[in-house]
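Here's a quick briefing to read with the model open beside you. It goes from the overall layout down to a few individual spots.

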Amino acid sequence: MIGLRHIAVAVAVALMLAPAAAAKGPSAATITGPGLASPLKIDGYGEGDSTTPLGILVTEAGFFPQVFGQSPSPLLRSKPSGTLGSRYAVIYELPGPTTGPDRIRQDLYPYAAGGAVSHMEPNQVFWGGQRTVGGWMRGTAGLRARLVADGLPSVDPGSPPRRAWAGHGVEIAFGAGIVLAAGALALLRRRR
């Protein structure tokens with residue numbers, strides 16, 4: 001029969017192993033790019049916790065498939081077509097067996113047409129000789145909104161500025177039509 005003592009030992013072992021399991025993912029990430037006054041630090045747990053900013057970034061930007069691979073692979077076969085928008089560099093810190101954390105870079109395109117996209121170069125070395133798989137990944141639908149909530153600009157800072165009248169072509173044409181009609185009416189009245 002399992003006694004209270006055995007249960008307490010099992011719980012203690014499970015609690016000691018939980019931080020080790022979480023250490024498989026990144027411990028932090030830093031995002032740099034256009035529109036940021038300073039690097040954006042993303043903290044939390046990088047594996048298995050979709051409630052922290054880091055856990056969301058890691059999960060929704062494809063960190064694990066790009067670093068370790070996955071079957072079936074969610075990675076895209078090639079760079080997505082369309083406009084990608086501004087590029088941001090994400091530097092992940094991976095705790096591991098070396099003296100300090102290893103760093104892995106991922107390029108992030110949060111304003112890409114069709115939704116956020118990430119890219120990781122293959123063969124980045126980490127954990128004393130392991131290499132990243134790399135590749136392109138389409139992020140989840142909410143990734144850009146979550147990154148904006150964490151501090152990214154709400155609109156792509158690399159996109160051309162909108163003119164004050166842009167998008168009002170119908171209104172301008174309608175107004176011009178009224179002015180022309182009024183002018184023609186005035187000319188007709190004058191001739192009488």
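One term before we start: helices and strands here are DSSP runs, with at least four residues for a helix and at least two for a strand, numbered from the N terminus. On that footing, Thr52 sits in the loop between β2 (40-42) and α2. Keep in mind that this is a predicted model. Overall, the protein chain has five helices and eight strands.

**The overall layout**
- Reading from the N terminus, the elements go α-β-β-α-α-β-β-β-β-β-β-α-α.
- The protein chain has 192 residues, and 31% of them count as buried.
- Take the contacts between residues at least 6 apart in sequence: 57% of these join residues at least 24 apart.

**Thr52, in the loop leading to α2**
- Is Thr52 buried or exposed? Its relative accessibility is 13%, and the cut-off for buried is under 20%, so Thr52 counts as buried.
- Leaving out residues up to four places away in sequence, Thr52 touches Asp43, Gly44 and Tyr45.

**Helix α2 and its surroundings**
- α2 is mostly covered, with six of its eight residues buried.
- Which ones are they? The buried residues in α2 are Leu54, Gly55, Ile56, Leu57, Val58 and Glu60.
- What do they pack against? The buried residues of α2 meet strands β1 (28-32), β2, β3 and β4 (102-109), along with helices α3 and α4.
- Just after α2 comes Gly62, which has a positive phi of about 85°.

**How α2 meets α4**
- Helix α2 covers residues 53-60 and helix α4 covers residues 143-150; their axes come within 11 Å and cross at roughly 150°.
- Angles over 145 degrees count as roughly antiparallel, so α2 is roughly antiparallel to α4.
- The α2/α4 crossing is left-handed.
- On the α2 side, the contact is made by Pro53, Ile56, Leu57 and Glu60, while α4 brings in Leu143, Arg146, Leu147 and Asp150.
- Sorted by class, the contact of α2 with α4 has five nonpolar residues, three charged ones and no polar ones.

**The aromatic residues**
- How many aromatic pairs turn up in a search of the whole structure? There are eight.
- One of them is Phe63 with Phe64, an edge-to-face pair at 5.1 Å centre to centre, with 85° between the planes.
- The two partners differ in exposure: Phe63 is buried, at 0% relative accessibility, whereas Phe64 is partly exposed, with a relative accessible area of 23%.
- Phe63 and Phe64 also belong to an aromatic cluster that takes in Phe68, Tyr92, Phe126 and Trp127.

**Thr83, out in a loop**
- Where is Thr83 found? Look in the loop between α3 (63-68) and β3 (88-94).
- Thr83 has a relative accessible area of 60%, and the exposed class starts over 50%, so Thr83 counts as exposed.
- Not counting residues up to four places away in sequence, Thr83 touches Ala112 and Ala113.
- Thr83 and Ala112 are 29 residues apart in sequence, yet they are 5.8 Å apart in space, C-alpha to C-alpha.

Definitions and conventions:
Residues numbered from 1 in each chain as written. Predicted model: local features only at pLDDT ≥ 70, side-chain atom pairs only at ≥ 80, totals over all residues. Heavy atoms only, no water. Buried < 20%, exposed > 50% of the residue type's maximum accessible area, 1.4 Å probe, protein only. Contact = heavy atoms within 4.5 Å. Phe/Tyr/Trp six-rings, centres within 6.5 Å; stacked < 30°, edge-to-face > 60°. Axes fitted to C-alpha atoms, helices over the stretch in contact; angles between N-to-C directions. Parallel < 35°, antiparallel > 145°, perpendicular 65-115°, else oblique. Left-handed = near helix turned anticlockwise from the far one by under 90°. Nonpolar A, V, L, I, M, F, W, Y, C, P; charged D, E, K, R; others polar.
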